[in-house]
Amino acid sequence: MLTPAEQALYERIYLVVRQIPSGRLASYGDVATVVGGGCDARTVGYALGAIPPAQQREIPWQRVVNREGAISTRGLEQRHLLEQEGVEFDAQGHAPMSHYRWEGPSAAWAAKHGFQTLPTRHEGEQLSLF
DNA sequence: GAATTGACGGGGC
DNA sequence: AGCCCCGCCAATT
């Protein structure tokens, strides 16, 4: 029996994943950042692996990939689903996140549901500690 | 309660 | 690009 807190955490993760538009990709870490509240990339991966069969149809779990734009496990099925959405993979099996990366939920949606937005990143701009 | 595992990320070299 | 190492959180043993 899951505690209400655990159940709520999973539901929040699923709710965020549902916001990812078709044809776009989000990394596990990005989903965790939006969820906030002590959620990390590994937790997102675990939650996605625990999606009830009844909900797999409506949660676009295939749009969550690792930060390299590649699929770690269950690759064939996931890649096939993404290709149906127009995502193209290169010969190395990874999609360029600079092009497909989801920018996160709108500020209005995040504020309404109590989530966070993704830190703004410009393509090609490297974070510098300076 | 300790150790390990897992659909991971990031910094340093 | 690679490789190594550490951190993070949840579940399992």
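In this predicted model, a nitrogen or oxygen atom in the side chain of arginine 42 lies 2.3 Å from a base nitrogen of DNA strand B. Two further residues place a polar atom by a base nitrogen of this strand: tyrosine 28 does so with its side chain, at 3.1 Å, and glycine 49 does so with its backbone, at 3.2 Å. The table sets these contacts side by side.

| Residue | Atom on the protein side | Distance to a base nitrogen of DNA strand B |
|---|---|---|
| Arginine 42 | N or O atom, side chain | 2.3 Å |
| Tyrosine 28 | polar atom, side chain | 3.1 Å |
| Glycine 49 | polar atom, backbone | 3.2 Å |

Helix H2, which runs over residues 28-35, and helix H3, which runs over residues 41-49, are the elements that give two or more residues to the surface near DNA strand B. The largest share comes from H3, with five residues.

Taken as a whole, the surroundings of DNA strand B comprise 15 residues, of which Arg42, Leu48, Gly49, Trp61 and Ser72 come nearest. Of the atoms of the strand that come within 4 Å of the protein, 44% belong to sugar and phosphate. When the residues of this surface are sorted by character, five are nonpolar, seven are polar and three are charged.

Which residues of H2 are buried? They are Asp30, Val31, Ala32, Val34 and Val35. In an α-helix, residues three or four places apart point the same way, because each turn takes 3.6 residues. After H2 comes glycine 36, whose phi angle is positive, near 70°.

Technical notes:
Residues numbered from 1 in each chain as written. Chains lettered and ligands numbered in written order. Predicted model: local features only at pLDDT ≥ 70, side-chain atom pairs only at ≥ 80, totals over all residues. Heavy atoms only, no water. Near = heavy atom within 4 Å. Polar contact = N/O pair within 3.5 Å; in protein donor to acceptor, adjacent residues only side chain to side chain. Helix = DSSP H or I, 4+ residues; strand = E, 2+ residues; numbered from the N terminus. Nonpolar A, V, L, I, M, F, W, Y, C, P; charged D, E, K, R; others polar. Buried < 20%, exposed > 50% of the residue type's maximum accessible area, 1.4 Å probe, protein only.
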